[in-house]
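User: I have a model open and would like to talk it through with you. Could you start with the overall make-up and then go into the details?

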Amino acid sequence: MDTAGSVSKGCFAFKGKKKVAKLENYLSDDEFGQSVVKRHQVGQDMWTEIDTQIQILQEELNSRIFDDLLTFAADSCSTFTLDNLETSKTMVYREIPTAALVTGVNTPDHGVMFATLVSLLKERVSPLVAILKSKDCQNVKNTISKTLSQMVDNPQLLHDEDEKEEELTQKNLPLTLSTLAQWYKHKFKSKLSPKKRRSKGDDLKHKYPPAIVVLQDFESFLPHVIQDFITIASSYLHQLPIVFVFGIATTISAVHSLLPNAVSSLLCMEKFMAPPSSEYLTMLINQIVMTPEYPFKIGARVFQLLLDIFLYHDFSVLNFVKGFRFSLLDHYLNMPLSHLCCPLKEIHKKVKVMDAEEVETIRQLPSFMRFVEENPASNQPKLLLDEKFAKEAIVDLLEKMHTYHMTLFPVLQCLHKLVCKLPKHPLGKQQREVYSLVLESNIFETDAYKQSMELLRMLAKDELEEMLKQSIDVLMEKDRKAITYLPTDLSLFMDRFNTLDDLIGEEEDKGAEDESSLKVIPKQKNMYELRQTLKEMKKKKKKLSPYEKLRSEIIDYFDSVFRKYLICPKNLPLHEIFYYDAIGTVKKYLNASPRSATQLALSNPQYHLQSINCDEEENLSSAMPDICIVYKLHLECGMFINLYDWLQAFITVISSDAEFDPKNPDQVLQARFIRAVSELQFLGFIMPTKRKTDHVVRLTWGNC
Amino acid sequence: MKARIHILYADQLTWGLSTVFRQAVDIRYQPLYIIDMDSASSEDFETIIDEILEEIPCRQKQISTLVSLFGKRAHCTPGAIFLYGHASTGKSLVVNTLMDKLKLPFVILNCVECYSQRFLYEHILNSLHQTDLFAVNESVSRIKCENMNDFIRLFKQVLSQKGLDKETVYIIMDKAERMRDMESNILPAFLRLQELSSSNVCVILLSEIVWEKFRWGTGFAEPYVLHFPEYKKDELLQILSKGCPTDFPESCYVMYLNLVLSVFHHVCRDLREIQHLVNLNFMKFAEPIRNGEATSKDSKKLWKNIEPHLKKALPTVYLREVSSSQWQRYQAENAGDTEQENTSQNLQGLSHRCHVDLPYYTKYLLIAAYLASYNPAKTDKRFFAKHTGKKTKKISQTAKFRWEASNHVLGPKAFPLDRLMAIFYSIVEGKVAPTANIFMQITSLVSLHMLTLDPRDDQIITPKYKCLVSLDLIKSVARTVNFDVVRYLYDFV
């Protein structure tokens with residue numbers, strides 16, 4: 001038989017080979033493309049390194065949050081057994097163990113968080129974990145089917161079982177928890193009895209693994225669905241050890257707004273708080289941004305922008321990391337010299353292979369120019385002309401930059417320790433605030449710094465001692481070779497503190513003498529003379545106690561250290577290679593305002609279309625695109641816009657006065673007008689209405 | 001003997017005149033057990049009944065009524081029995097225990113679970129048939145059933161297969177009020193199941209609402225209605241005292257229960273809830289006795305010890321925010337602290353639930369949404385436009401007169417997006433670009449259920465929102481950004 005006798009035509013999908021986009025496909029073959037390839041590798045390496053560090057941090061943090069939760073999940077059903085159904089049935093008041101995990105409102109981060117939670121639960125507690133999201137659970141049936149399919153299709157269970165388990169698909173079995181309960185009974189009761197005989201000890205704990213149901217976005221669930229689901233689950237509690245985990249973004253009272261008492265009394269809730277995301281961010285900034293390990297740094301403005309997005313907009317650490325990554329990639333893409341932004345040990349090699357052109361680019365850098373000018377006159381021509389000499393200088397400068405980073409952060413931390421507890425926090429409470437000040441300008445020139453130094457000079461003894469101790473600790477941390485002399489100096493001060501008590505004894509005697517001398521005010525003849533003497537005494541500088549002397553000495557010492565190390569990176573030569581500060585690009589991509597862009601394009605078409613020659617002054621001209629004219633005309637209207645008036649105005653603008661004939665308008669113009677209007681409607685500025693004939697409603701006002 | 005059965009059966013036939021019969025049952029609620037020829041088994045029967053009565057106190061009347069309705073295994077029972085009463089008044093407990101102890105053939109079904117009628121039928125049939133879904137031999141297949149007609153047919157089949165046609169089979173339907181939402185033929189058909197299947201079956205419906213609320217449509221056979229009244233205080237005491245730990249003097253435990261009930265009884269009569277509270281606080285109560293600081297007779301001292309803890313638990317009754325183990329840990333942690341610290345921490349722990357941390361602009365968005373929801377749109381000009389000081393006083397007086405129409409009584413009103421943004425821009429400090437991030441926050445507030453999208457209007461062109469948060473929450477949010485929200489609310493000016 002001819003099998004190909006079908007006459008119907010069809011569309012057939014052929015799965016081609018999966019194409020992986022390669023770097024080369026994006027880049028042109030010209031010189032720019034070649035140089036990007038070179039930088040791309042460096043950037044990629046840097047990012048991989050940073051990314052692993054972020055992953056490690058995240059794991060650390062998560063494990064801290066989840067440890068309690070995991071123990072809870074493991075313990076809550078430890079008494080469960082299927083062996084003697086009689087006893088379990090007699091327990092009338094049964095509650096479903098429930099962990100309420102308050103996660104905070106940073107919704108973008110929840111996905112990652114729950115993915116980790118689920119994988120941890122699977123790894124450590126039980127293979128039976130189902131994660132439910134509100135968008136999949138619009139009714140009870142879907143909810144149960146999701147739970148069932150996730151628990152039953154678990155590959156971990158299947159691989160050690162016979163193949164007949166696999167036939168348990170959604171098609172031939174009713175989607176109910178009773179199915180699951182039977183499956184569970186079949187699975188664990190029969191299977192584990194021989195095992196129990198073999199090894200009684202360690203297997204007993206996991207004999208009946210709990211069935212964990214994680215509800216990721218608890219607030220968004222439909223109330224009746226979740227109520228029914230919980231009620232059903234509670235009725236199977238004697239057959240199936242169910243544990244709930246509710247992910248709650250706002251407050252625990254969300255549970256009560258969703259569940260009536262009849263349902264919530266079926267639960268036995270335990271509350272777990274995830275730490276606030278700002279804590280995580282602080283950790284991240286301390287370990288990723290404020291560290292000498294990664295030479296790539298973000299500049300003051302970009303840093304501030306990323307922080308603002310976090311604090312003012314979304315509280316999402318994930319977005320912060322994304323922003324950081326974007327900056328890194330953009331830096332390596334657009335900064336021609338960024339391949340020099342590499343670990344310290346590779347600098348020599350990299351500079352060696354630089355060609356003349358690249359050296360020339362470095363010479364063009366403003367910060368290098370400044371450096372040249374600062375050099376003695378004899379060196380200047382060498383720097384600018386002699387390639388070998390220039391390369392040496394560049395290596396030197398790059399290395400200096402690395403040393404600068406090595407010293408900057410410990411000293412910064414030390415300053416933060418000193419100022420973080422001052423009243424009113426002139427330099428901010430967080431270390432990142434101090435850092436952003438350093439990035440912006442020389443911190444020791446700011447008023448806030450001066451103010452805090454003044455405040456430091458008024459500290460009590462025990463406070464200062466405490467701070468000194470803390471800063472020594474900070475400086476001794478890890479292996480910070482660059483500034484070994486600092487802690488030793490500081491500990492010298494510490495020693496002096498200890499001997500201070502003896503000095504104070506002496507001083508008190510002296511003080512007493514002084515006071516006695518003060519008391520002896522010679523009897524004056526008149527008021528005027530008395531006043532004069534008093535004034536003089538006031539002028540006479542009050543003698544400092546030894547503590548005060550020591551204090552001012554310490555503060556002066558700190559001040560000098562800060563002045564030495566906390567230089568603004570912008571003042572250093574070649575800072576462009578390490579610091580990324582293209583705020584415009586970052587803003588455009590990460591904090592876009594589509595509305596303003598549309599409005600700008602409509603009211604200022606020459607911004608995008610250079611071809612139009614119209615004056616900035618002139619508001620309306622026939623040279624503009626139709627939609628711009630229509631848009632500008634509609635701005636002058638109120639809530640309702642009369643289409644006919646609008647058309648008239650449009651025609652007036654387009655045609656010159658002579659041609660204008662109000663009685664017989666040009667059809668082409670009408671068509672152009674209608675097209676422009678429908679474009680505006682498409683953009684969402686106007687909407688047709690039934691409330692007034694031949695009118696449209698304006699939808700936008702002002703800037704919002 | 002036979003004659004007696006006939007009499008009972010005749011009674012059932014006159015079910016329509018059930019009021020008379022019901023009274024009759026009420027009068028003879030004292031055990032009316034039909035004497036069997038086999039006296040030994042009847043003795044057994046009576047001891048079982050006594051056991052049940054022992055186990056479930058304060059429900060003698062209901063149990064004996066049910067037992068007399070059930071009769072012996074082969075006796076014909078009423079076609080449908082309807083048990084109602086508040087939550088945790090022992091309905092399911094009584095029925096389940098009876099079924100278990102008397103070893104009757106029965107199927108339990110939770111109507112909440114039945115999202116389709118198919119599930120309902122198949123569950124009953126398969127449970128009766130005892131189908132094992134994962135049985136090793138695969139010849140046993142699951143019974144499938146699509147409609148009521150098939151159900152009746154298959155039901156009879158299963159009964160005869162399993163040899164159950166000689167005795168009464170019970171079908172217990174929990175949360176029966178849900179049956180009203182199912183297809184309209186289901187409830188009448190189940191009420192008449194005995195008649196339709198002409199087999200000895202009894203459908204027991206458990207519900208929290210009265211039978212009158214079930215009546216709609218036609219074809220109803222009136223079930224026998226039995227009420228489970230709420231437990232009285234002394235009954236609660238009697239039931240709870242059964243939970244006395246074995247190593248604890250019972251008189252003292254009863255005293256403890258008395259204390260708990262004296263604090264909680266006026267707010268909560270739910271047995272389950274009180275049981276929870278009793279378990280929660282018992283460790284604390286027993287502490288001085290275990291430590292040897294007080295004896296079980298020292299009632300005043302024990303009261304002094306436990307009273308503050310009970311008072312603390314009072315505002316969170318019904319909430320179930322702490323499990324008993326967590327509560328105990330928490331009490332133990334606080335034990336070392338001084339009393340004052342103790343209370344302050346406690347308050348923090350429990351009132352902490354109201355606190356939400358939001359990003360800065362989101363806070364302002366939420367405040368703006370609240371203002372837009374509770375202020376009439378025409379007053380916006382007065383609150384947010386500059387230089388309109390004069391008008392304020394006049395309107396504030398009228399506002400006071402019209403306090404009944406207060407917007408806070410009427411609830412939040414929907415507002416369009418542009419009004420929200422206009423208010424937002426007028427209250428927020430500094431210049432804020434209308435970035436995509438800001439608009440994303442509105443959606444995020446919707447997903448947190450702080451705002452809701454009004455479904456009536458077009459959701460794309462003119463979305464309208466409502467603010468759902470309470471005044472207290474908005475006050476606390478406004479406090480964190482130093483914004484005096486009350487000054488801008490029309491109801492409070």
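User: What share of the 704 residues of chain A counts as buried?
Analyst: In this predicted model, 31% of the 704 residues of chain A count as buried. Chain A contains 30 helices and 10 strands, and of its contacts with a separation of 6 or more, 76% are between residues 24 or more positions apart.

User: And what do those numbers look like for chain B?
Analyst: Chain B has 493 residues, of which 29% are buried, and its secondary structure comprises 22 helices and 8 strands. For contacts in chain B with a separation of 6 or more, residues 24 or more positions apart account for 73%.

User: Back to chain A, how many residues of strand β4 are buried?
Analyst: Strand β4 of chain A covers residues 242–248, and 7 of its 7 residues are buried.

User: Which residues sit on which side of it?
Analyst: On one side of β4(A) are A:Ile242, A:Phe244, A:Phe246 and A:Ile248, while A:Val243, A:Val245 and A:Gly247 are on the other, and both faces are covered. That split fits a general pattern, since in a regular strand the side chains alternate between the two faces of the sheet.

User: Which strands is β4(A) bridged to, and do they run parallel or antiparallel?
Analyst: Strand β1 of chain A, residues 96–102, is joined to β4(A) by 5 bridges, and the two run parallel. Strand β3 of chain A, residues 211–215, is likewise joined to β4(A) by 5 bridges and runs parallel to it.

User: Which residues stand opposite each other there?
Analyst: On the β1(A) side, A:Ala100 stands opposite A:Phe246 of β4(A), and A:Leu101 has A:Gly247 as its bridge partner in β4(A). From β3(A), A:Val214 stands opposite A:Val245 in β4(A).

User: What lies between β3(A) and β4(A) in the unit they make?
Analyst: Helix α8 of chain A, residues 223–235, belongs to that unit, and together β3(A), the helix and β4(A) make a right-handed β-α-β unit.

User: Then β1(A): how many of its residues are buried, and what else does it pair with?
Analyst: β1(A) is mostly covered, with 6 of its 7 residues buried. Besides its 5 bridges to β4(A), β1(A) is joined by 7 bridges to strand β5 of chain A, residues 267–273, and these strands run parallel. In that pairing, A:Ile96 stands opposite A:Leu267 of β5(A).

User: Switching topic, what is the mean pLDDT of chain A, and which elements are lowest and highest?
Analyst: The mean pLDDT of chain A is 79, with 82% of its residues reaching 70 or more. Among the elements of chain A, helix α3 (residues 85–90) has the lowest mean pLDDT, at 45, and helix α30 (residues 667–683) has the highest, at 91.

User: Where does it stay under 50?
Analyst: One such stretch is residues 156–171 of chain A, for which the model has 10 contacts beyond four places in sequence. Residues 511–517 of chain A are also below 50, and that stretch has 1 contact in the model beyond near neighbours in sequence. Where pLDDT is low, the predicted coordinates should not be read in detail.

User: Last one, how is chain B divided, and what touches between domain 1 and domain 2?
Analyst: Chain B is divided into domain 1 (2–227), domain 2 (236–354) and domain 3 (360–492). Between the first pair, 4 residues of domain 1 of chain B are in contact with 5 residues of domain 2 of chain B. The side of domain 1 of chain B that touches domain 2 of chain B has 3 nonpolar residues, 1 polar and no charged.

Terms used. Residues are numbered from 1 along each chain as its sequence is written. Chains are lettered from A and ligands numbered from 1 in the order in which they are written. This is a predicted model: local features need pLDDT of at least 70, side-chain atom pairs count only at pLDDT 80 or more; totals for chains, interfaces and linings use all residues. A residue is buried if 20 or more other C-beta atoms lie within 10 Å of its own, exposed if 12 or fewer, and partly exposed in between; C-beta atoms are placed from the backbone. Helices (H or I, at least four residues) and strands (E, at least two) are DSSP runs, numbered from the N terminus. Two strands pair if DSSP finds at least two bridges between them. A crossover is right-handed if, with the strands pointing away from the viewer, the path from the first strand over the helix to the second runs clockwise. Two residues are in contact if their C-beta atoms, placed from the backbone, lie within 7 Å. pLDDT is the predictor's confidence in each residue, from 0 to 100. Domain bounds come from an automatic or database domain assignment. Ala, Val, Leu, Ile, Met, Phe, Trp, Tyr, Cys and Pro count as nonpolar, Asp, Glu, Lys and Arg as charged, and the others, Gly among them, as polar.
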